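Subject: Structure handover

Hello,

Here is the structure I said I would pass on. My notes on it follow below.

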Amino acid sequence: MNYTQNNKIEQVTIDTLVVGIDIGSDMNYARAFDWRGVEVRKSVFKFRNTLEGFTSFGQWVDETLEKTGKTGLIVGCEPTGHYWMPLGKFLKAHEVKMVFVNPYHVHQIKELDDNCPLAIFPFGQSFRSEGLQLSLHHAALSLL
């Protein structure tokens with residue numbers, strides 16, 4: 001999939017729920033945002049990197065979509081080694097669009113916001129979401 005800059009920008013609309021995920025070897029953390037980057041659920045959702053965890057994440061996303069009235073969904077993450085692959089396969093099986101955000105771009109966006117070199121966990125998903133909304137990503141589905 002070869003997207004132009006405009007194609008990337010047009011994927012996130014007013015009806016799109018953007019979910020940023022910080023993927024780990026055992027535990028993942030997700031946050032949900034609207035198309036402007038406003039957090040729609042104030043708490044971070046933790047789920048394990050297992051089928052049961054992915055199922056609970058799917059239920060959380062469904063609840064969030066229902067509460068917000070959104071119809072579209074894009075899930076974004078940094079490609080952290082191979083840890084994203086089980087989640088990617090789960091999302092693909094459920095026809096959910098998953099995109100990667102370039103780690104360098106996440107770092108640059110973070111620097112714009114706070115100029116702190118430390119990676120502070122609760123904000124990680126927010127920066128991934130901003131990276132999505134700034135269209136600094138490429139489709140990951142072709143890699144699965």
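Which backbone nitrogen lies 2.9 Å from a polar atom of the side chain of aspartate 34? The backbone nitrogen is that of arginine 36. Aspartate 34 itself sits in the loop that runs between strand 2 and strand 3. Its relative accessible area is 8%, so aspartate 34 counts as buried.

Please keep in mind that this is a predicted model.

Overall layout

The protein contains five helices and six strands. Along the sequence their order is α-β-β-β-α-β-α-β-α-α-β. Of its 144 residues, 45% are buried. Among contacts with a separation of 6 or more, 59% join residues that are 24 or more positions apart.

Strands 4 and 5

Strand 4 covers residues 72–77, and its pairing with strand 5 is parallel, with four bridges. Within this pairing, cysteine 77 is opposite phenylalanine 100 of strand 5. Between the two strands the chain passes through helix 3, residues 85–93, and the resulting β-α-β crossover is right-handed. Strand 5 spans residues 97–101, and four of its five residues are buried.

The nonpolar core

The largest nonpolar core has 23 residues, and the members that touch the most others are Val19, Ile21 and Phe57. At least two core residues come from each of strand 1 (16–22), strand 2 (27–33), strand 3 (45–48), helix 2 (51–68), strand 4, helix 3 and strand 5. The most is given by helix 2, which supplies five residues. As a general point, nonpolar side chains in soluble globular proteins tend to be buried together.

Leaving aside residues up to four places away in sequence, phenylalanine 57 touches Val19, Ile21, Ala30, Phe45, Phe47, Val75, Leu87 and Leu91. One of these, alanine 30, belongs to strand 2. Alanine 30 has 0% relative accessibility and therefore counts as buried. From the C-alpha atom of alanine 30 to that of glycine 76 the separation is 9.6 Å, although the two residues are 46 residues apart along the chain.

Aromatic rings

There are seven aromatic pairs, counting rings whose centres lie within 6.5 Å. In one of them, phenylalanine 45 and phenylalanine 47 have ring centres 5.8 Å apart and planes at 25 degrees, so this pair is stacked. The cut-off here is that planes under 30 degrees apart count as stacked. Both partners are on the buried side of the 20% limit: phenylalanine 45 has a relative accessible area of 17%, and phenylalanine 47 is at 2% relative accessibility.

Another pair is formed by phenylalanine 54 and phenylalanine 90, whose ring centres are 5.6 Å apart; their planes are at 40 degrees, so the pair is tilted. This pair links distant parts of the chain, since phenylalanine 54 is in helix 2 and phenylalanine 90 is in helix 3, 36 residues apart. Phenylalanine 54 is buried at 4% relative accessibility, and phenylalanine 90 is buried with a relative accessible area of 13%.

Ring pairs also join residues into a cluster, made up of Phe45, Phe47, Phe54, Phe57, Trp60 and Phe90. Phe57 in this cluster was already listed with Val19 and Ile21 for touching the most other members of the core.

Regards

Methods. Residues are numbered from 1 along each chain as its sequence is written. This is a predicted model: local features need pLDDT of at least 70, side-chain atom pairs count only at pLDDT 80 or more; totals for chains, interfaces and linings use all residues. Side-chain values use heavy atoms; hydrogens and water are left out. Buried means under 20% relative accessible area, exposed over 50%, partly exposed in between (1.4 Å probe, protein chains only). Two strands pair if DSSP finds at least two bridges between them. A crossover is right-handed if, with the strands pointing away from the viewer, the path from the first strand over the helix to the second runs clockwise. A nonpolar core is a set of buried Ala, Val, Leu, Ile, Met, Phe, Trp, Tyr and Cys residues joined through side-chain atoms within 4.5 Å. Contact means heavy atoms within 4.5 Å. Rings of Phe, Tyr and Trp (its six-membered ring) pair if their centres lie within 6.5 Å; planes under 30 degrees apart count as stacked, over 60 as edge-to-face and the rest as tilted. A polar contact is a pair of N or O atoms within 3.5 Å; within protein, one must be able to donate a hydrogen and the other to accept it, and residues adjacent in sequence count only if both atoms are side-chain atoms.
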